[in-house]
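Q: Please take a close look at one part of this structure, the pocket lining, and follow the connections from there into the surrounding fold. A formal, connected account would be most helpful.

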Amino acid sequence: MATLYNIHPQNPQKRSLEEIVSALKDGAIMLYPTDTVYAIGCDMTVKSAVQRVRQLKQLSNDKPLTFLCSSLSNISHYAWVTDQAYRIMKRLIPGPYTFVLPATKLVPKIVMNPKRKTTGIRVPQHQVCLELLEALGNPIISTSAHLPDDEGEYPTLDLERSRFFDTLEPLVDLIIDDSSDPGHQVSTILDLTSEKPSVVRKGLGWEAMEEWLVLSD
């Protein structure tokens, strides 16, 4: 049975954060809120936990996982960032944007795209996430908690919070509840691995980005 933590959205309780971080370091996986949808995640450096997340999402090993970083400077430890990519990310961070970037050796192979050697990174505009990242000291895996069924449908999309938690509770070790709704709008994905940035997926925040982002020819 998963341990439930009721967390204040703006001032997360320190003791609860410490308990969550301790569990994550021991390999726990959690259901937690972000600035897009509720996510399933774990400490990126714990291979067994990352593998459990992959199994829950039914992801083959050639599918990369997105992870959260605490800041733009923190991203530079895990990805090679060009001057152009830096300028773009500086305008969008923090926010509901995932950036595809060339991974450094600090990114575990089980997380990155094995062929392209790329990874997806986000800096969320969400206080609970940011304080968890600071307390943990490692990136946190972040993948939508809306899991597909055998027919490829997503039955949790329309559930209210308590039923959403009840459905996912058997699958995770921790549930973090900040009183927010599960959400259904995913992040916008921007590929910054080449000279010409490309939009992989239009999600939350796309309209704001479209106002100023001019893709090069």
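**The pocket lining and its surroundings**

A: In this predicted model, the element that contributes most to the lining of the largest pocket is β6, with four residues. The space in this pocket amounts to about 740 Å³. Its lining comprises 29 residues, and those nearest its centre are Pro64, Thr66, Thr143, Ile189 and Arg201. Two or more lining residues come from each of β5, β6 (118-122), β8 (143-144) and β11.

Thr119 offers a view into β6, the strand in which this residue is found. With a relative accessible area of 2%, Thr119 is buried, because anything under 20% counts as buried. Leaving out residues up to four places away in sequence, Thr119 touches Leu65, Phe67, Tyr78, Phe99, Val100, Leu101, Ala103, Val107 and Val111. The loop that leads from β5 to β6 contains Lys117. Lys117 has a phi near 60°, which is positive although the residue is not glycine. In contrast to the buried Thr119, Lys117 is partly exposed, with a relative accessible area of 45%.

The account now turns to the sheet that holds β6. Six strands form an open sheet in the order β7-β4-β6-β5-β10-β11, and their pairing is mixed. The edges are taken by β7 (140-141) and β11 (198-201); each has a single partner strand, so one side of each has no neighbour in the sheet. Arg201, one of the residues nearest the pocket centre, thus falls within the edge strand β11. At the other edge, β7 pairs with β4 (residues 66-68) through two bridges in the antiparallel sense, and Leu68 is opposite Ile140 of β7. Against this sheet packs α4, which touches β5 and β10 (188-191), and the direction of α4 makes about 160° with that of β5. In the loop between α4 and β5 lies Pro94, and the peptide bond from Ile93 to Pro94 is cis, with omega near -5°.

β8, which also supplies residues to the pocket lining, belongs to an open sheet of five strands with the order β1-β9-β2-β3-β8 and mixed pairing. Here β1 and β8 are the edge strands; as each has a single partner strand, one side of each is left without a neighbour in the sheet. Helix α6 packs on this sheet, where α6 touches β2 and β9, and its direction makes about 170° with that of β9.

In the order of this sheet, β9 stands between β1 and β2. β1 (residues 3-6) runs parallel to β9 and is joined to this strand by four bridges. Within this pairing, Tyr5 is opposite Ile176, and Asn6 has Asp177 as its bridge partner. β2 (residues 30-32) is also parallel to β9, with two bridges joining the pair, and Met30 is opposite Leu174. In a regular strand, side chains alternate between the two faces of the sheet. Both faces of β9 (residues 174-177) are covered, since Leu174 and Ile176 on one side and Ile175 and Asp177 on the other are all buried. Beyond this strand, Ser179 lies in the loop between β9 and β10. Ser179 is not a glycine, yet has a positive phi of about 75°. With a relative accessible area of 54%, Ser179 is exposed.

The interior remains to be described. In soluble globular proteins, nonpolar side chains tend to be buried together. The largest nonpolar core here has 47 residues, of which Leu31 and Ile75 touch the most other members. At least two residues of this core come from each of α2 (47-57), α3 (72-78), α4 (83-92), β5 (97-102), α6 (161-168) and α7 (206-210). Leu31 lies within β2. Beyond its neighbours within four places in sequence, Leu31 is in contact with Tyr38, Ala39, Ile40, Ala145, Phe164, Phe165, Leu168, Val172, Leu174, Ile175 and Ile176. A separate core of 19 residues lies apart from the largest one, and includes Ile7, Tyr32, Leu132 and Ile140.

Terms used. Residues numbered from 1 in each chain as written. Predicted model: local features only at pLDDT ≥ 70, side-chain atom pairs only at ≥ 80, totals over all residues. Heavy atoms only, no water. Core = buried A, V, L, I, M, F, W, Y, C linked by side-chain atoms within 4.5 Å. Buried < 20%, exposed > 50% of the residue type's maximum accessible area, 1.4 Å probe, protein only. Contact = heavy atoms within 4.5 Å. Pairing = 2+ DSSP bridges. Axes fitted to C-alpha atoms, helices over the stretch in contact; angles between N-to-C directions. 1 Å grid on protein atoms, 1.4 Å probe; cavity = no way out; pocket = protein on both sides within 12 Å on 5 of 7 lines; lining within 4 Å. Points joined across faces, edges and corners; volume = space filled by probe spheres on them.
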